[in-house]
Amino acid sequence: MDKTTVSESGDPGMNTTRDSSDGRCNSSNTGKRKMNATASGSNENASASDRKRKMTVSDKESGKKPHLSALILARGGSKGIPLKNIKVLAGVPLIGWVLRAAFDSAVFDSVWVSTDHAKIAEVAEEFGAQVHRRSPKVSTDSSSSLDAIQEFLRLHKEVDIIGNIQATSPCLHPIHLQDATRKIREDGCDSVFSVVRRHHFRWQEVKTGGVDTKPLNLDPANRPRRQDWDGELCENGSFYFASRELIEKGYLQGGKMAYYEMLPEFSVDIDIDIDWPVAEQRVLRFGYFGKDQLEQVKLLVCNIDGCLTDGQMYLSAGGEELVSWNIRDTTGISTIQEQGVEVCLISSRDCPIHKLLAKKIGCQLEQNVANKLEVLELWKSKKKLSWEQVAYIGNDESDVECLKKAGVSGVPHDASSDAVKAAGYTCRNSAGRGAVREFADHILLLGEQARAKSQQKNH
């Protein structure tokens with residue numbers, strides 16, 4: 001279970017820096033490092049905490065609460081993966097995962113993305129975030145996250161508290177942010193940061209020419225079993241909340257501090273922990289897919305042209321029209337049908353081969369469709385389904401309204417930009433090359449999540 005612990009530190013705080021391509025923090029203490037610190041007599045910390053408590057009392061008396069702003073730092077100059085912050089992960093731009101969690105937590109007075117790149121700014125705005133165009137001065141390889149946050153605060157005087165959320169933590173959930181905010185709002189903490197429990201035995205590094213090493217956190221003569229050792233709390237970099245006063249003094253951690261412990265399955269950091277394909281599997285299982293309650297999909301509607309086929313048309317020497325499809329996609333349709341999901345096909349043109357395909361894989365087909373949304377609404381009504389029980393995969397402007405309506409929506413990797421913006425999931429595979437199979441697998445995984453949530457409620 002995620003939990004928090006509060007301490008009153010004797011240090012002014014930890015001077016925490018992060019590479020502005022948004023990697024893990026590097027923290028250096030101004031004094032002794034403390035994870036579970038006891039109260040001490042630092043006048044500076046006491047005064048910072050007192051000021052915050054006085055401000056809170058004053059704000060309550062005036063009916064105004066301190067302005068809490070979510071701030072995601074997303075520099076364009078990632079060294080490892082170009083434009084990593086908007087690279088599609090499990091169907092969603094990487095930064096979209098944390099923006100979704102921030103908005104759905106409903107604890108922030110404003111949600112901002114600080115970036116120096118136009119494309120990142122565009123994606124951020126599509127998710128509803130405000131964009132702070134950071135200056136070149138704080139956008140270099142040597143700039144720290146603290147530099148970027150301080151610049152933001154200088155230009156946004158209305159902000160009293162910053163919730164700095166790591167763009168590369170896609171398994172962050174609203175509940176994590178809500179719990180952290182309570183430590184700030186209700187318990188009067190000056191700073192709150194996320195940690196994860198690790199069971200790693202650490203050893204002293206041997207420099208060049210050396211031989212002997214020493215244990216740092218264990219006695220080799222009494223090596224504990226995992227179940228007998230509580231492990232250690234390590235920053236996981238998901239978020240850092242801090243007051244304006246602390247940040248202006250050069251700290252992200254200090255004053256009355258609290259850590260928030262996240263479970264390991266939610267502590268995913270794309271920068272250091274795992275490579276992209278493994279990260280996608282983790283996110284599909286533990287990521288946050290939205291505040292709407294998941295319902296099991298009962299109907300999948302697939303646009304044939306540009307989804308099931310690659311959109312190309314071939315002509316034989318005799319003038320016959322030929323199209324091709326991928327066996328992986330038809331296998332995916334069969335798999336999802338076996339799980340009780342009905343599959344219907346739709347097309348804007350009349351093609352005899354479509355009829356043969358629909359008959360072969362056992363799907364209802366509607367052709368010559370001028371208004372796809374009308375057909376989709378008709379099918380939904382006849383089958384007595386809610387929109388949450390309908391999935392749709394399309395690829396073009398004519399599919400946009402259907403993609404917006406469907407509870408689960410997807411597009412192939414090579415779909416039009418309008419369709420991509422309207423869809424909830426963007427496949428890694430292109431049309432006619434496994435996109436439908438991938439989307440079918442995605443639907444089945446969402447079904448597993450819905451069943452798991454239902455079982456949890458019943459217990």
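Biologist: Let me begin inside the sheet: which residue in strand 16 is the bridge partner of Leu 300?

Modeller: Please keep in mind that what stands above is a predicted model. As a general idea, the strands of a sheet pair through backbone hydrogen bonds, and they do so either parallel or antiparallel. In this case the bridge partner of Leu 300 is Val 343 in strand 16, and the two strands concerned, strand 13 and strand 16, run parallel and are joined by five bridges.

Biologist: How many bridges join strand 16 to strand 17, and in which sense do these strands pair?

Modeller: Strand 16 and strand 17 pair over three bridges, in the parallel sense. For a place at which to look along this pairing, take Leu 345, which stands opposite Leu 365 in strand 17.

Biologist: In what order do the strands of this sheet lie, and is the sheet open or closed?

Modeller: The sheet is open and is formed by six strands, which follow the order 17-16-13-18-19-20 with parallel pairing. Its edge strands are strand 17 (364–366) and strand 20 (425–426), each of which pairs on one side only. Further along that order, strand 18 (residues 390–393) pairs with strand 19 (residues 408–411) in the parallel sense over three bridges, and Tyr 392 can serve as a marker there, since it stands opposite Ser 409 in strand 19.

Biologist: Is strand 16 mostly covered or mostly open, and which helix lies across it?

Modeller: A general point to carry along is that in a regular strand the side chains alternate between the two faces of the sheet. Strand 16 is mostly covered, with four of its five residues buried. Helix 11 (residues 372–382) lies across strand 16 (342–346), as well as across strand 13 (299–303), strand 17 and strand 18, and it runs at about 155° to strand 16.

Biologist: Which residues of a covered helix are the buried ones, taking helix 4 as the example?

Modeller: Helix 4 (residues 145–155) is mostly covered, eight of its 11 residues being buried. These buried residues are Ser 145, Leu 146, Ala 148, Ile 149, Gln 150, Glu 151, Phe 152 and Leu 153.

Biologist: Turning to helix 5, why does Thr 181 count as buried?

Modeller: The general idea is a cut-off, because a residue is called buried when its relative accessible area is under 20%. Thr 181, which is found in helix 5 (residues 174–185), has a relative accessible area of 5% and is therefore buried. Beyond its neighbours within four places in sequence, Thr 181 is in contact with Leu 68, Val 107, Glu 186 and Phe 241.

Biologist: What does Ala 180 contact once its neighbours within four places in sequence are left aside?

Modeller: Ala 180, also placed in helix 5, is in contact with Val 192, Phe 239 and Phe 241 on that count, and at 0% relative accessibility Ala 180 is buried. Distances along the chain and in space can be set side by side here: the C-alpha atoms of Ala 180 and Val 192 are separated by 6.4 Å, with their positions 12 residues apart along the chain, while Thr 181 and Val 192 are 11 residues apart in sequence and 8.3 Å apart in space, C-alpha to C-alpha.

Biologist: Are the lysines Lys 183 and Lys 256 buried or exposed, and what do their side chains reach?

Modeller: Lys 183 lies in helix 5 and is buried, with a relative accessible area of 13%, and its side chain makes a polar contact with the side chain of Asp 187 (2.5 Å). Lys 256, whose place is in strand 12 (residues 256–262), is buried because its relative accessible area is 19%, which falls under the 20% cut-off. The side chain of Lys 256 reaches the backbone oxygen of Asp 187 at 2.8 Å.

Biologist: How many disulfides does the structure hold?

Modeller: In general, a disulfide is a covalent bond between the sulfur atoms of two cysteines. The structure holds zero disulfides; as for individual cysteines, Cys 171 is buried, with a relative accessible area of 0%, whereas Cys 234 is partly exposed at 29% relative accessibility.

Biologist: What share of the whole protein is buried?

Modeller: Of the 459 residues in the protein, buried residues make up 52%, and the protein has 14 helices and 20 strands. The protein exposes about 21600 Å², of which carbon and sulfur atoms supply 48%.

Conventions: Residues are numbered from 1 along each chain as its sequence is written. This is a predicted model: local features need pLDDT of at least 70, side-chain atom pairs count only at pLDDT 80 or more; totals for chains, interfaces and linings use all residues. Side-chain values use heavy atoms; hydrogens and water are left out. Buried means under 20% relative accessible area, exposed over 50%, partly exposed in between (1.4 Å probe, protein chains only). Contact means heavy atoms within 4.5 Å. Two strands pair if DSSP finds at least two bridges between them. Axes are lines fitted to C-alpha atoms, for helices over the stretch in contact, and angles run from 0 to 180 degrees between N-to-C directions. A polar contact is a pair of N or O atoms within 3.5 Å; within protein, one must be able to donate a hydrogen and the other to accept it, and residues adjacent in sequence count only if both atoms are side-chain atoms. Accessible areas come from the Shrake-Rupley method with a 1.4 Å probe; for residues, only the protein chains shown count as cover. A disulfide is a pair of cysteine sulfur atoms within 2.5 Å.
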